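Here is a short, friendly briefing to read alongside the structure. Please take a look at the model before going on to the notes.

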Amino acid sequence: MLNQTPLWKYFAVVIVVGICALYASPNLYGEDHAVQISASSNAVIDGATLDKVSAELKSANIPSKSVVLQNEQILVRVPDSDTQLIARETIEKALGDDYSVAMNLAPDTPKWLESLGGTPMKLGLDLRGGVHFLMEVDMKSALSKSYEDMVGDFKSALREEGIRYRTVKQVEDGVEIYFRDEEKLDKAEFFLKNRNRDFVFSNKSDLVLLVKMSEQKLLETRDYAVKQNITIIRNRVNQLGVAEPTVQKQGPDRIVVQLPGIQDTAKAKEILNATATLEYREVDLEHDVRDAINGRVPAGSELLPYEKGGPQLLKKKVIVKGSSIIDANSGVDQNGMPKVSISLDSKGGAQMLNFTKRAVGKPMAVVFIEYKATDERDENDKLIFEEKRRVISVATINGVFSNKFETTGLDSPREAHDLALLLRAGALIAPIQIIEERTVGPSLGQENINLGMQAIIWGFVAVLVFMLAYYKKFGVVANIALTLNLVMIVGIMSMIPGAALSLPGMAGIVLTVGMAVDANVLIFERIREEIKEGRSPQQAIHHGYDSAFSTIFDANITTFLVGLILFAVGTGPIKGFSITLMIGIATSMFTAIVVTRVIVNAWWGGKRLTKLSI
């Protein structure tokens with residue numbers, strides 16, 4: 001008989017819709033106002049800190065829903081925004097500057113739902129409120145670091161090849177290599193040209209070889225600096241407890257950072273302005289550190305401050321840079337002493353292996369390099385950064401190692417935790433500065449949500465009424481499909497990592513509500529035409545769905561491709577709109593073609609019908 005649905009298809013529809021409904025359900029529970037406490041580089045979060053926070057809240061008569069320690073952070077849930085503000089001020093005063101205390105919004109999802117991976121749909125900055133920063137990468141410093149690397153590489157390569165040179169020095173737009181005679185210069189130029197295809201070589205003057213980056217190499221270096229900084233900023237923001245950040249490239253040298261739900265602008269700026277890098281350097285044991293303290297610093301070495309053991313004399317040559325660090329975790333060794341386990345990438349591992357082969361028993365230092373913006377600006381009206389270097393750890397090399405090793409000799413678990421945090425937070429390729437800052441208040445975000453919801457509800461109701469009035473019982477089927485379509489959109493948006501609903505995204509949902517019934521209109525009109533041509537109701541239903549499918553598929557696939565292009569080339573709001581549009585198209589095709597067919601077959605299929613309520 002016509003219009004019979006196999007049992008497995010019923011189960012498939014129920015399972016798909018059920019999963020989407022399950023992951024859409026966390027959005028029903030709302031969010032709590034919360035205060036989030038995380039440790040800065042000089043502190044650690046533990047049970048004692050949790051007890052202190054609880055005691056301070058109790059003594060100040062501040063009500064709280066819960067105070068919990070999770071993921072090395074303390075989360076305090078409070079009833080409302082006024083209590084949230086008072087709680088933050090009280091906790092900040094009690095804990096001091098060693099802790100970062102930020103106001104946030106925490107989902108109130110039940111534990112059983114969280115255990116299944118259920119989380120509310122993430123909201124963008126325009127809906128949730130928060131802070132927006134536009135940051136600019138200091139390309140001058142990025143290129144300077146690349147030229148500095150070139151100096152070290154050229155020295156090593158020429159030394160290994162046995163080509164003598166006078167000196168290699170960095171200049172503003174490249175590297176100059178000085179030789180004693182023409183023969184050595186020609187030999188070095190031939191050797192380095194074959195070894196470095198991305199560089200341009202020229203004779204600046206007699207016995208001086210000038211090496212510059214090619215235009216392609218310059219573009220790659222600039223692009224790498226921005227992309228690497230994006231990765232590290234995202235890692236740093238996550239590390240310090242900022243949830244659901246948006247960090248993306250804008251233009252050739254700018255980065256957009258959006259932190260939805262963060263209401264403490266000063267703390268956010270403090271996190272992002274912590275511009276720093278790391279280096280592993282060899283301690284200079286060949287010269288007396290006391291001579292260096294008195295002003296006689298040997299060439300090729302540098303005197304740096306070290307809080308624990310006094311000034312340290314280090315060799316200028318860098319063993320491994322912080323950009324090579326993949327991971328760092330604190331713990332204890334077999335003797336119960338604090339340690340930090342470090343993992344390097346392949347390049348850093350090879351460099352460390354080459355060094356440790358000849359340096360067993362010698363001390364190695366970790367240098368922390370911080371860039372702080374001054375009040376001065378250059379000729380392009382950009383901030384001038386002041387560089388400050390200090391030693392944060394000195395450890396003895398006990399054996400040969402490469403990409404995985406441990407740093408020991410630390411005084412306490414807190415020191416190990418601090419060092420791991422600094423290493424793990426990442427080393428920026430170049431300094432950055434905030435050139436634009438915007439704050440969206442939670443009240444404005446809530447107003448946008450209310451207006452967006454009104455648009456969705458009124459559009460939804462208008463379509464429901466029209467379909468019910470025009471298509472009668474078949475309109476009821478279309479309305480059920482439309483309701484399930486909205487549930488599925490919310491469920492899928494909640495499941496996609498990194499997807500956030502913005503105001504343009506809500507516009508995409510409103511558009512989808514109108515478009516979702518297009519397929520049903522085509523099917524129902526086709527059924528009407530089949531009935532007018534004299535077919536039986538069962539034949540009309542069968543041919544209506546089959547005949548309309550190709551038209552529906554063609555119309556939706558072209559719109560989906562447009563959404564895909566918008567997602568590929570657009571940024572920010574355009575991406576938000578395209579995501580909801582594509583999800584809405586996919587779910588509307590499923591509900592309009594599969595779900596309605598299952599309902600129609602269950603309602604009318606296999607029955608002797610003389611007319612249809614359409």
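The notes below cover a helix pair and a cavity.

This is a predicted model. One helix, α16 (residues 573-604), takes part in both topics: it meets helix α1 (residues 7-24), and it helps to line the second largest cavity.

**The pairing of α1 and α16**

- The axes of α1 and α16 come within 11 Å, and they cross at roughly 130°.
- Because angles from 65 to 115 degrees count as roughly perpendicular and those over 145 as roughly antiparallel, this crossing makes α1 oblique to α16.
- In handedness, the crossing of α1 past α16 is left-handed.
- On the α1 side, the contact is made by Lys9, Tyr10, Val13, Val16 and Val17.
- On the α16 side, Phe590, Val594, Val595, Val598, Asn601 and Ala602 take part.
- Sorted by class, this contact holds nine nonpolar residues, one polar residue and one charged residue.

**The second largest cavity**

- The model has two cavities of 30 Å³ or more.
- For the second largest cavity, the volume is about 40 Å³.
- Its lining consists of Thr512, Met515, Ala516, Asn556, Leu581, Gly584, Ile585 and Ser588.
- Helices α14 (503-532) and α16 each supply at least two residues of that lining.
- The most comes from α16, which gives four residues to the lining of the second largest cavity.
- By class, the lining of this cavity divides into four nonpolar and four polar residues, with no charged ones.

Note on methods. Residues numbered from 1 in each chain as written. Predicted model: local features only at pLDDT ≥ 70, side-chain atom pairs only at ≥ 80, totals over all residues. Heavy atoms only, no water. Axes fitted to C-alpha atoms, helices over the stretch in contact; angles between N-to-C directions. Parallel < 35°, antiparallel > 145°, perpendicular 65-115°, else oblique. Left-handed = near helix turned anticlockwise from the far one by under 90°. Contact = heavy atoms within 4.5 Å. Nonpolar A, V, L, I, M, F, W, Y, C, P; charged D, E, K, R; others polar. 1 Å grid on protein atoms, 1.4 Å probe; cavity = no way out; pocket = protein on both sides within 12 Å on 5 of 7 lines; lining within 4 Å. Points joined across faces, edges and corners; volume = space filled by probe spheres on them.
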